[in-house]
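Grab your viewer and work through a few short exercises on this two-chain complex. Each has a task, then a solution taken in steps.

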Amino acid sequence: MVPVNPSDPSPPPLPAPKPPWWRDRRVVPWVVQAVVGLLVLLLIAFLLGNLVRNLTAAGLLLSWRWLQQPAGFDISESVLPFNAQLPYWRALAAGLVNTIRAVVVGLVGATLLGTLVGMASFSHNGLLRRLARVYVEVVRNIPLLLQLVFWYFVVFLTLPNGVAAIQLPGVVLAKSGLYIAGLGEGLRWMGPTLVNGVWQAPVRLSVEFGALLTGLIVYSGAFIAEVVRGGIAAVPKGQWEAASSLGLSWFATLRRIVLPQSLRVIVPGLNTQYISLAKNSSLAVAVGYTDLYSVAETTLNQTGRAVEVILVLLAAYLTLDLLISALMNGLNHLVQIRER
Amino acid sequence: MKPVLRRLRAELFATPADAVLSTGLIAVLSLAAFGFLRWAFTQAQWAVIRVNSTLFAVGRYPVEEQWRLWLLLWLLFAATGLSWGVLRSHPRPDRSGVLWPRNDRIAATLLVVLGLWRPAAMGLSLSIQARWWGLVALLLLVRWLAGRFGPRFGPLGLRLVALMWPVLYLVGMVLISGGLGLVAVSPSEWGGLLLTLLASSFAILLCFPIGVLLALGRRSDLPLLRWGSVLYIEFIRGAPLITLLFLGQNILGFLLPGGLAPDRIWRAAWVLTFFAAAYLAEAVRSGLAAVPRGQLEAARSLGLSYPKALQHVVLPQALRVALPAMVGQFISLLQDTTLLSLIGLLELLGTARTVMANPAFLGKNAEVYLTLAVLFWCCCAALGLGSRALERRLDPHAVPSAT
């Protein structure tokens, strides 16, 4: 047995071996980031350098002075007063207002249609339920652009004109446009009237606008119907049973009990659908409605100012998206269930 | 009362209000169906589709080189039959070893009926009709052979089949575009369904790795990677696709040194890819969020490196959760290829527009657009069906244990 000398100090523990730097968890992340950042910066510098060189060679260096030049083209249907003598920025503004008009009306219509179809998929009536399903499945699997040109060329452009036009109470559908009753001169209620073979009414919408709206509403309506259906399905079944045992009808149950509770699931989903509707409105160019994109395309063809036009387009759509998101976030705060 | 009648009554005529609604709906639906059928069989002139079927299929692809596309089609049908047969015969715990279960018999019957009837109904020439019959026969024959003799190869067969598709894709690209001794066919001559499928398959294949990387970047702890991914994803998602395509056509030429910018079709395909990657990243991110953090920590504590942990533990779970959303993105990508017609490319919709600009077919909008709609609907619905089948197959809870 070896005598132990208590005074003998045990050797100090060896310091843990320091890992090489390429395995040090404090160093590696920063190295990775530095490398990625450097590569991205190099790529951007390369692209921007080329851009400046090529634009200088083409004599198109970034400038906004062309916005003040007269546009020289007309916009057939504009909420803002516009004519060909006005500058380009007025044309772009008119296009933006046209886009906003289509988006706002489209949002309202698609929400109504989507909610109705979403509710219909919980109906007692088997036929109605299946019809809602078929509508959603058909519309979602056909490209929007194809639907738009279908509505425009096959439905709206084959409408009859003059006396033969389709006349509904307060609304007339003709190839020359959609005529809707409203307040006319002297604040009198006026319906569409036929004057010398031409329809006249306080509100006239072009067939282009009609086709765009129909297409957008039918397409987005199907997606919104799915969102609404998901929201209603998320409400516990007991809520339905409790409401009907209290004697509420199907519709009253849905309106008073189920829909208010499903809103907190529906609203975030609606946000996505609204933003994609706003972006999809840029397909208006295919049916001849002069929205922002269509004006921008004409502007580019006339001035050759590709970079500036793209910047305007991207900024406008991004702002529109952010606006919708902000509104929907506000709405979302309102409908969240506050726990006590 | 018979059960069918009883069910009908419960579904359609439970209350007086229901009865009124059902009767109204039935009346409207039958009127609409009658009107449509009358139009389709008496007024519609389907000659526009029959005469232009080649144009719709492949665009202006040179006639003397079209044998290459036929060859590719033969290869594709053979490969489909092979995969179908091998997959069906591969033993799985949840499946009886029947080679022709009911679904397969229905699918095969549908295929035979379509293959026999459709080419004849479209009035294709007899030689082309015979080719379609041959293709269907080949598919079913290969499927039978693979199902009969495939199991002998065991798991190796499955791996070979999985490897066959990427190889076939490359072979297909060579057959279509030329090279390796074949006459080059420039992309400007591709069109119709060929261009639609090429652009969408290219974008689907390439957007997948980019999207996964972006999703990982967005969930990374490294601030630079995270903010870079967020910026990219939100920028792309904030802009309509058409403005991005427009950007690709008009600005890409300025961004690259002279002469390096790709052909118009490839530019559009790349824009589609980068566009889809941003949306796919969001789908994958939702899947990643569904994997508990403990999975990654457990894998790391077992000594797997970070990439290995992602590859073997996290991503398989995340991608399975994200599968429906991802296929949804692929479907909308397939639909988005129609936007190429707005920048002057002749994919299916663009071809349709050139056809209808021909004075002989002026005003045949309804026939052409309906045909395209049916075509797109079938493609998208097939993708959706495939996705649901794959989901069922990958669902770990649905498979009974093989005890």
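**Exercise 1.** Work out whether B:Ser301 is buried or exposed, and place it in its chain.

*Solution.* Start by counting neighbours: B:Ser301 has 10 other C-beta atoms within 10 Å. The cut-off for exposed is 12 or fewer, so B:Ser301 counts as exposed. Next, find its element: B:Ser301 sits in helix α13 of chain B, which covers residues 293-301. Finally, take a distance: from B:Ser301 to B:Cys207, 94 residues away along the chain, the C-alpha separation is 32 Å.

**Exercise 2.** Before going further, check how far you can trust this predicted model. Which helix of chain B has the lowest confidence, and which the highest?

*Solution.* Begin with the whole complex, for which the predictor reports an ipTM of 0.87 and a pTM of 0.86. Now turn to chain B: its average pLDDT is 84, and 95% of the residues score at least 70. Then go helix by helix. Helix α1 of chain B (residues 3-12) is at the bottom with a mean of 80, while helix α9 of chain B (residues 192-218) comes out on top at 91. As a general habit, don't read predicted coordinates in detail where pLDDT is low.

**Exercise 3.** Describe the build of chain B: what are its helix and strand counts, and how is it divided into domains?

*Solution.* Secondary structure comes first: chain B has 16 helices and zero strands. Its C-alpha trace spans about 70 × 70 × 55 Å along the principal axes. The domain assignment splits chain B into domain 1 (3-43), domain 2 (63-184) and domain 3 (192-403). Between the C-alpha centres of domain 2 of chain B and domain 3 of chain B there are 25 Å. Of the 403 residues in chain B, 30% count as buried. For contacts in chain B between residues at least 6 apart in sequence, 74% link residues at least 24 apart.

**Exercise 4.** Now do chain A. Why is chain A called more spread out than a compact globule?

*Solution.* Count elements first: chain A contains nine helices and eight strands. The globule rule gives 20 Å for 340 residues, but the radius of gyration of chain A is 31 Å, well over that, so chain A is more spread out than a compact globule. The box around its C-alpha atoms, taken along the principal axes, is roughly 125 × 75 × 35 Å. Burial comes to 34% of the 340 residues of chain A. Contacts in chain A between residues at least 6 apart in sequence join residues at least 24 apart in 60% of cases.

**Exercise 5.** Dissect the contact between the chains: how many residues does each chain give?

*Solution.* Chain A gives 42 residues and chain B gives 38. On the chain A side, α1 (28-58), α3 (126-140), α4 (144-155), α8 (292-303) and α9 (306-335) each supply at least two residues. The largest share there, 11 residues, belongs to α1(A). Sort the chain A side by class and you get 31 nonpolar, nine polar and two charged residues.

**Exercise 6.** Find which residues touch the most other members of the largest nonpolar core.

*Solution.* That core holds 132 residues, and the ones to pick are A:Leu148, A:Val149 and A:Leu212. Zoom in on A:Leu212: beyond its neighbours within four places in sequence, its contacts are A:Ala102, A:Leu148, A:Ala284, A:Val287 and A:Tyr289. Apart from this core is another of nine residues, including B:Leu135, B:Val136, B:Leu139 and B:Val161.

Notes
Residues numbered from 1 in each chain as written. Chains lettered and ligands numbered in written order. Predicted model: local features only at pLDDT ≥ 70, side-chain atom pairs only at ≥ 80, totals over all residues. Helix = DSSP H or I, 4+ residues; strand = E, 2+ residues; numbered from the N terminus. Buried ≥ 20, exposed ≤ 12 C-beta atoms within 10 Å, placed from the backbone. Contact = placed C-beta atoms within 7 Å. Domains from an automatic or database assignment. Nonpolar A, V, L, I, M, F, W, Y, C, P; charged D, E, K, R; others polar. Core = buried A, V, L, I, M, F, W, Y, C linked by C-beta atoms within 7 Å. Rg over C-alpha atoms; globule rule 2.2 N^0.38 Å. pLDDT = per-residue confidence, 0-100.
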